[in-house]
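Open the model in your viewer and keep the selection tool at hand. Each stop below says what to select and what is found there.

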Amino acid sequence: MYSEKVIDHFTNPRNVGEIENANGVGQVGNAKCGDIMRISMVVENDVIKDIKFKTFGCGAAVATSSMVTEMVKGKSVNEALDISNAAVAEALGGLPEAKLHCSNLAADAVHEAIKDYIQKKTKV
Amino acid sequence: MYSEKVIDHFTNPRNVGEIENANGVGQVGNAKCGDIMRISMVVENDVIKDIKFKTFGCGAAVATSSMVTEMVKGKSVNEALDISNAAVAEALGGLPEAKLHCSNLAADAVHEAIKDYIQKKTKV
Amino acid sequence: MKRIYLDHSATTPVDPQVAELMMVYFTEYYGNPSSVHSFGRQVHKAIDEAREKVASLIGANPSEITFTSGGTEADNLAIQGAARIRAKKGTHLITSAIEHHAVLDTFKYLAKNGYEITIVPVDEEGLVSVQDIEKAIRPDTILISIMHANNEVGSIQPVAEIGRIAREKGILFHVDAVQSLGKLPIDVNQMNVDLLTISSHKIYGPKGVGALYIRKGVRISPLVFGGSQERKVRSGTENAPGIIGFGKACELAGQRMADENIELVRLRDKLFDGILASIDRVKVNGPRGAKRLPNNVNISINFIEGESLLLSLDLVGIAGSSGSACTSGSLDPSHVLLAMGLSHEVAHGSLRLSLGRQNTDEEIDYVLQELPKIVQRLREMSPLYHK
Amino acid sequence: MKRIYLDHSATTPVDPQVAELMMVYFTEYYGNPSSVHSFGRQVHKAIDEAREKVASLIGANPSEITFTSGGTEADNLAIQGAARIRAKKGTHLITSAIEHHAVLDTFKYLAKNGYEITIVPVDEEGLVSVQDIEKAIRPDTILISIMHANNEVGSIQPVAEIGRIAREKGILFHVDAVQSLGKLPIDVNQMNVDLLTISSHKIYGPKGVGALYIRKGVRISPLVFGGSQERKVRSGTENAPGIIGFGKACELAGQRMADENIELVRLRDKLFDGILASIDRVKVNGPRGAKRLPNNVNISINFIEGESLLLSLDLVGIAGSSGSACTSGSLDPSHVLLAMGLSHEVAHGSLRLSLGRQNTDEEIDYVLQELPKIVQRLREMSPLYHK
Ligand SMILES: Cc1ncc(COP(=O)(O)O)c(C=O)c1O
Ligand SMILES: Cc1ncc(COP(=O)(O)O)c(C=O)c1O
Ligand code: FES
Ligand code: FES
């Protein structure tokens, strides 16, 4: 049911973990099935220098998490905000229909982390 | 579904036909499935000397017809009146449950023919 | 002894290719298609492919195919399911007098449970008239169910025209195509069909599998709940080997239909002509020629009774069927023959010989040699027969 | 790669003896069992024999067995059929929170159609209490439906005691014995059961076949009409090869059950003990010991999610199942685990490994070697996990 690319990202997920000195952290829960994803990132001059994820969820949730971190790493926060859930699913070669909701986790968590970064920046 | 005895009486029915100079004739129809049996017999001194049948009906109807003619041939009419439908079915080694109604044809037709004989006799 | 099977309308042997394929799904790829693991995923994929093959034989989209346990369940699902979901729109349903029991008994059940039904008659050839259907339509009519081809006498109904009328009036149209599948071209769009019943074991697939075509957008209530398989219309662990076998059978039928029909028609007409030439007082039941299924022969042989005839044929190795009351377990002879105006007696003496893929000229010759002898013997036993 | 199948509660492979037997009825003895001719009669006889074998495994009379297309249909037939025929006596039905969807969804359907239902809870081990059932009974209660053994956590219910109470009060008692057939002794008389559901594909028989035991004298309404096969309770051309295969599977199960169970219990407990010894923060779901099916292992592994676990296991060749929401297609994790009081999160991390006839010690060793590594990897990916 999953594409090879999904299986690849699931078995060898990129950027797993938590960054201790992150300046942008976002966590979202998937209302549909109760899953959770946390993104931590280091942003310098509005560019995402480093990013890691932790995910509690299905194969699609893990793969989209991994994929989205690859997609935004090195990008500016504005570019990253433009990346949609659909774009992540597409980059994985598509997801089964029943699993499309899982891809929402990934982009949303990144967007939350960026929001966190912007808020912190504004406060300083 | 049919016993070997039924199949034997069906394939080699005894006493098929019509007796021209019969002095007892009986015909019955099977209300259940619309089938017909006709018995003609020659009775002398209340003994069934000869008997023949014609039947329009299923395998069980044909076999019971054949069997009943064998059972009553040479018997007195009183003995013949004592032969029940169940006895005919039994003599054939049993009939499938759905076919028990067919055995009613056989004994009934014989009894009708005997009635006919007695009525004719009484008139004379 | 020769064994000649001429009862293909009752059921067919499973094609060896189909049986071989199913075997693999019994013992090797046996997973539950709903499972996450590879044992299940392989099966899921094979079911998807089967769905495409079934859909393709009737001009449908794979997503419009719901697998069931057979034609009977599919007929019930279509009719009960449509009646329940449309009850607020109306409660009147139309069918014909010669439908299969799976349709007629379902109509009778609904008639006892708050619905009104109209059963249109047929002519002496077993054909429904489009005008009769049109006249039967009321403002509260919600469903018309007419079979594509009749299982007893092979008469082919004007379903495309009926479909056009139903579509115009916004009435759901169900077609029981169990007998026509693989024998007549079927296109659910050309025929304006909303619901179409098919069954595997009539086309050299396994018994216990069928399907209901449900036009995209048409909703019906399920009969059976739990598990939500088959797009929530039909629950239960999928009969994966059966479905996959059905798919293969559809594929083979699609490939072979054209050639096979030429042969079936030839053998059918040889059988008809041979019987009519060698036995007197025989009546052909149903139309002859193009309005008849290519594989169906049905005659009434006066003065003799069907079960006796079948038994006698069986004793020389020939398997056929009859509309006689004595074979039916019920009290009446075939409702189809009675609806065509046959008397009880004549209906009783009916014989259906339905041809299939493997029948040969030699087999037909053998039947034409044995049948007259048997008829002669039985007529001599019959109180109705006078030379 | 090794392929280890540990999902026997979802479905089993068909036993080679069963498959071989079915093959004969696909291609050689393929007649319709309702036919008069020898092609049909042979099949009729084989179906009768199958019925005896099925009946014998549950202590029933052959005439009390009605074949269906599977467990789901049998559950529906029992519950819908009993509810419809008893509607005048009363409209209240009782079941438990951990029934299969085939039962629960049917109850929910009835609840929307004029019936009242009570769903009794279970304790943290997944066991129904007899007292709860007793308390739920009302004067208008017409049916109690309780499963023999649960398909997810293997808990064995006190059905005999519930049956005794139902019998005393004149309430019909239905038992879904799909998971216990061939694994626990079943005697419909000792258990005071009126209706009992079984399914072939859980005991090494083919998919798409099941049966409903209907106690002599108990009447239920049919779901499907037409043709009057299966004593008018279930119409449709019989799935003869399937039924005959089911019969054979029952015969084999009866012969092997005692020996097989000893082995299953041993492997089950080895798996449990091994997992508990090598992985921390693991919860056993369901009772241990004699109140559990011999072949069922179910655990919740904290901080990880079921589908990820299944996928990871699948990638090393191990097939299991999970009550995770992510595998269910619905939005909620297993209703069984939730009813037992598990939180959403913990239910999510559940893993069911269900053993079968061919599993070996080596296979269990392999699982015990791979599982901890996978759990470790997934936990490291989990935002919930802190060492
Ligand atoms: C016209 C027609 N409809 C429905 C059915 C029922 O199909 P099944 O035998 O698959 O239940 C049959 C065959 O028995 C049939 O000939
Ligand atoms: C307890 C229980 N009841 C009913 C069913 C349904 O049976 P089937 O798969 O034959 O439809 C199953 C299995 O899926 C089950 O485990
Ligand atoms: S005579 Fe009609 S069933 Fe026997
Ligand atoms: S995260 Fe739950 S289904 Fe994908």
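The tour goes from the pairing of chains to one interface, its axis, a ligand, and then a second interface.

**Stop 1: the chains**

This is a predicted model, so read every value as computed from predicted coordinates. Colour by chain and look at how the chains meet. There are 5 pairs of chains that touch, and the pair with the most contacts is C and D. Now select chains A and B. These two do not touch, and their nearest C-alpha atoms are 51 Å apart.

**Stop 2: chain D against chain C**

Hide chains A and B and show the contact residues of the remaining two. On the side of chain D there are 61 residues in contact, and they meet 62 residues of chain C. Together the two chains bury about 4,800 Å², with 62% of that area on carbon and sulfur atoms. Select D:R3, D:K207 and D:F225 next: these supply 15% of the area that chain D buries against chain C, more than any other three residues.

For the polar side of this interface, start with D:D314 and C:R41. They form a salt bridge in which the closest N and O atoms are 3.0 Å apart. The count of salt bridges between chain D and chain C is 2. Polar contacts are found for 24 residue pairs across this interface, with both residues at pLDDT 80 or more.

Switch to a cartoon of chain D to see which elements take part. Those giving two or more residues to the side that touches chain C are β1 (4-5), α1 (16-27), α2 (38-57), α3 (71-86), α4 (101-111), α7 (240-278) and α8 (306-315) of chain D. Of these, α1(D) gives the most, with 6 residues. Colouring this side of chain D by residue class gives 23 nonpolar, 25 polar and 13 charged residues.

**Stop 3: the axis**

How are chains D and C placed relative to each other? A rotation of 180° with 0.0 Å of shift along its axis superposes chain D on chain C, with an RMSD of 0.0 Å. That is the relation of a two-fold axis. The same surface serves both copies, as 100% of the contact residues of chain D recur in chain C. To locate the axis, select D:S69. Its C-alpha is 3.0 Å from the rotation axis, the closest approach of any residue of chain D.

**Stop 4: ligand 1**

Select ligand 1, which lies between chains C and D. Expand the selection to the residues around the ligand. There are 15 of them, and C:T72, C:D176, C:S199, C:K202 and D:T237 come nearest.

Then pick out oxygen atoms of the ligand and check these distances:

- C:G71: a polar backbone atom is 2.7 Å from an oxygen atom of ligand 1.
- C:S199: an N or O atom in the side chain is 2.6 Å from an oxygen atom of ligand 1.
- C:H100: a polar side-chain atom lies 3.3 Å from an oxygen atom of ligand 1.

**Stop 5: C:T237**

Move to C:T237, in the loop between β8 (210-214) and α7 (240-278) of chain C. What does C:T237 touch? Leaving out residues up to four places away in sequence, C:T237 touches C:N32 and C:Q229 in its own chain, and D:T72, D:H201 and D:K207 in chain D. With D:H201 there is also a side-chain polar contact of 3.4 Å.

**Stop 6: chain C against chain B**

Bring chain B back and hide chain D. The contact here takes 22 residues from chain C and 23 residues from chain B. The two chains bury about 1,800 Å² between them, 66% of it on carbon and sulfur atoms. Select C:L311, C:M381 and C:P383: in chain C these lose the most area to chain B, together 32% of what that side buries.

Next select C:E307 and B:K99, whose side chains meet in a salt bridge of 2.7 Å, N to O. The rule finds 1 salt bridge across this interface. Residue pairs in polar contact number 10, both residues being at pLDDT 80 or more.

On the side of chain C that touches chain B, at least two residues each come from α8 (306-315), α9 (325-328), α11 (344-348) and α12 (361-381) of chain C. The most come from α8(C), with 5 residues. By class, this side of chain C has 12 nonpolar, 5 polar and 5 charged residues.

How values were computed. Residues numbered from 1 in each chain as written. Chains lettered and ligands numbered in written order. Predicted model: local features only at pLDDT ≥ 70, side-chain atom pairs only at ≥ 80, totals over all residues. Heavy atoms only, no water. Contact = heavy atoms within 4.5 Å. Buried area = accessible area lost by both parts, 1.4 Å probe. Salt bridge = Lys/Arg side-chain N within 4 Å of Asp/Glu carboxyl O. Polar contact = N/O pair within 3.5 Å; in protein donor to acceptor, adjacent residues only side chain to side chain. Helix = DSSP H or I, 4+ residues; strand = E, 2+ residues; numbered from the N terminus. Nonpolar A, V, L, I, M, F, W, Y, C, P; charged D, E, K, R; others polar. Least-squares fit on C-alpha atoms with pLDDT ≥ 70 in both. Near = heavy atom within 4 Å.
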